[in-house]
Amino acid sequence: MQFSTKIFPQADLQSPKLLKSSLKTLLGQNTDCLILGYSKVDFDGFSAAKGTNAKAGFLRELDQALGESVNHANIVGDLDSKQATVCLLRAEKSWSTNGVKVKRVLLVSLGDVHLASDRSLSTYSKVARAALKVLSGGSIEAAVWYTPSFALSHKADFIAEEVRLTIQYAGDQAYRFGVRQPAAMKFKAKDKADTFKHLVFAGNEGCAKELKAAVDQGVAMVEGMHLAKDLGNLPPNICTPTYLGKTAQGLSKKTGLKVEVLGLKQIEALGMGSFLSVAKGSATPPQFIVMCHQGGKVGEAPIVLVGKGITFDTGGISLKPGEAMDEMKYDMCGAASVIGTMYSVSLMKLKKNVIGVIPTCENMPSGQATRPGDIVKSMSGQTIEILNTDAEGRLILCDALTYVERFKPAAVIDIATLTGACVIALGHVHSGLFSEDETLVSELTKAGHASLDTVWRLPLDAAYHDQLKSNFADVANIGGRPAGSVTAACFLSRFTEKYKWAHLDIAGTAWKSGAAKGSTGRPVPLLVNFLLERK
Ligand code: BES
Ligand code: MN
Ligand code: ZN
């Protein structure tokens, strides 16, 4: 999938003076499809004018250029003011006599843009998805998306958000497992790529700069999302801790990322007794991955992302039931989102310092595995009574959270498929957000709305900490069934006292089950937006 921009400085469908010439320019493009948005006002004006020239409007002018194709579509009921209605007009003989070169015009209804409720990004997302669906899987290979006609708000920032979201969705739609990662190619006859391959965002003088930047950012974000999806979808016999480490190192060859991968000996030397207690049961060695993007000033406090990288979670000695256990290959999706986000950030040359940290290992039962009742010492010095070996995510994360103190971070965000309880609480819609820092909460919530990769805040207050009391160690690793995702977050919070911190539980949002089984690439869009928008 390819994305680009094209600027027609004078094009403006809103200006009665420029309307005719603008349409001529747009319709004169050599493309399979020109995509235009229209509103209820445009539609009502057009319908009311009924074949007369009474009300010159954008649809009326278009109708004339297209030999009444719009009118015919309206007569048969293909055109409507209802939001996200799509109407595909195909070239007829009369088009070419008018100098029209586009092979199709796709008209997409924005709905009633006078209503504040219809001017939101989530409205736009419905409209954009409907349009993208028409483009996919047919004979359209390339299309021109005339951005200003979709602008639900004329603020340039909003247009940039719209464009990034369109690229996010188009990238999502174009994703196929087994085309990017060499390892993925071995497993399945190559999935057929989408026939739709190239989307051109057209704009005018008013949005040229924002458009270009937004396309670059969107493209970088999609690259990161695709990488995160591939890593999530790869089978656990391939996507091992070593594989994640090699992937991170591979990125450093392609971009400016500095990557360091620590092995067992170094992890032992750091005193990460909690992390190692999870890794112990597996024949596959653990890895500790550190990725640095130096885009800001030297010495500027970095934002640190920490991702849970359990490449397979059997539960350990507290073995999980067999049903759908294969899905526990996705227990490294936090790590995948960190690797994907770091890749995006380096591709877009973000002017900030960002560090990604990933503790990764496998949670297996064996003769060497940790037992329920074992007590281990974390890097922070706190001792942990492991009452359930299936609550392993927090055990690997707590040592990583202590490790990152050395970076004197501006903020730390950990991302983890941490608890089944979070799926019960929030389903597959929002990721769970836990933080006592109001600024981080507000920034992450906003970034979620801007990328439609949303979060919902859950509590994290002292009242829940009691559930983690242990008779034999400083803390227990489980707090019982009530508020399972809150007590998991409370456990982590004990290791984050030296910096501002937020925790994202992505257990319900990182992948889909059932027929559509597959990684979603979330929360890469959320994290990229958060990093882009952060001052
Ligand atoms: N990786 C799981 C969480 C999970 C479960 C994510 C199902 C998505 C779907 C995690 O390691 C885990 O097993 N958590 C336990 C914690 C419990 C033992 C306190 C859980 O949620 O059951
Ligand atoms: Mn587990
Ligand atoms: Zn797990």
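How many residues has helix α16, and how far does α16 reach from its first C-alpha to its last? In this predicted model, α16 covers residues 438-451, which amounts to 14 residues, and its reach is 20 Å, close to the 20 Å expected at 1.5 Å a residue. The buried residues of α16 are L440, V441, L444, A447, G448, A450 and S451. An α-helix has 3.6 residues a turn, so residues three or four places apart point the same way. L452 follows α16 and has a positive phi, near 50°.

**The two metal ions**

The model holds a zinc ion (ligand 3) and a manganese ion (ligand 2), which lie 3.1 Å apart and are bridged by D313. The table sets out the two sites.

| Ion | Protein donors | Distances | Angles among six donor atoms | Geometry |
|---|---|---|---|---|
| zinc ion (ligand 3) | K308 (NZ), D313 (OD), D331 (OD), E392 (OE) | 2.0 to 2.4 Å | 79 to 176° | octahedral |
| manganese ion (ligand 2) | D313 (OD), D390 (O), D390 (OD), E392 (OE) | 2.1 to 2.2 Å | 69 to 167° | irregular |

For six octahedral donors the ideal angles at a metal are 90 or 180 degrees. The site of the zinc ion (ligand 3) is classed as octahedral, with angles of 79 to 176°. The site of the manganese ion (ligand 2), with angles of 69 to 167°, is classed as irregular.

Along the chain, the donors of the zinc ion (ligand 3) follow the spacing K-x4-D-x17-D-x60-E. D313 belongs to strand β10 (residues 309-313), whereas E392 belongs to the loop between β13 (383-385) and α14 (393-403); the pair therefore ties together parts that are 79 residues apart in sequence. Both D313 and E392 are buried.

The spacing for the manganese ion (ligand 2) is D-x76-D-x1-E. Here D313 in strand β10 is paired with D390 in the loop between β13 and α14, so parts that are 77 residues apart in sequence are tied together. The burial of these two residues can be stated in figures: D313 has a relative accessible area of 3% and is buried, whereas D390, at 22% relative accessibility, counts as partly exposed.

**A three-stranded sheet**

Strand β13 also takes part in an open sheet of three strands, ordered β12-β13-β17 with mixed pairing. The edges are formed by β12 (375-377) and β17 (475-476), each of which has a single partner strand, so one side of each is left without a neighbour in the sheet. Strands of a sheet pair through backbone hydrogen bonds, either parallel or antiparallel. Between β12 and β13 the run is antiparallel, with three bridges joining them. K377 stands opposite T383 in β13.

**Empty space**

Rolling a probe the size of a water molecule over the atoms shows where empty space is left. The largest pocket contains about 1000 Å³ of space. Its lining consists of 37 residues, and K320, D390, T419, G420 and A421 are the closest to its centre. D390 is also a donor of the manganese ion (ligand 2). The elements giving two or more residues to this lining are α14, α15 (420-426) and α17 (484-493). The largest share, five residues, comes from α15.

A search of the whole structure finds one cavity of 30 Å³ or more. The largest cavity has a volume of about 80 Å³. Among its 13 lining residues, S277, V278, N363, T370 and T389 lie nearest its centre.

Conventions: Residues are numbered from 1 along each chain as its sequence is written. Chains are lettered from A and ligands numbered from 1 in the order in which they are written. This is a predicted model: local features need pLDDT of at least 70, side-chain atom pairs count only at pLDDT 80 or more; totals for chains, interfaces and linings use all residues. Side-chain values use heavy atoms; hydrogens and water are left out. Donors are N, O and S atoms within 2.8 Å of the metal (3.2 Å for Na, K and Ca); water is not among the atoms, so sites may look incomplete. Four donors count as tetrahedral if all angles lie between 85 and 135 degrees; four count as square planar and six as octahedral if opposite donors are over 155 degrees apart and all others between 65 and 115; anything else is irregular. Helices (H or I, at least four residues) and strands (E, at least two) are DSSP runs, numbered from the N terminus. Buried means under 20% relative accessible area, exposed over 50%, partly exposed in between (1.4 Å probe, protein chains only). Two strands pair if DSSP finds at least two bridges between them. The expected span of a helix is 1.5 Å times one less than its number of residues. On a 1 Å grid over the protein atoms alone, a cavity is a set of points where a 1.4 Å probe fits but cannot get out, and a pocket is an open set with protein on both sides within 12 Å along at least five of seven lines; lining residues have an atom within 4 Å of a point. Grid points are joined across faces, edges and corners, and a volume is the space filled by probe spheres set on the points.
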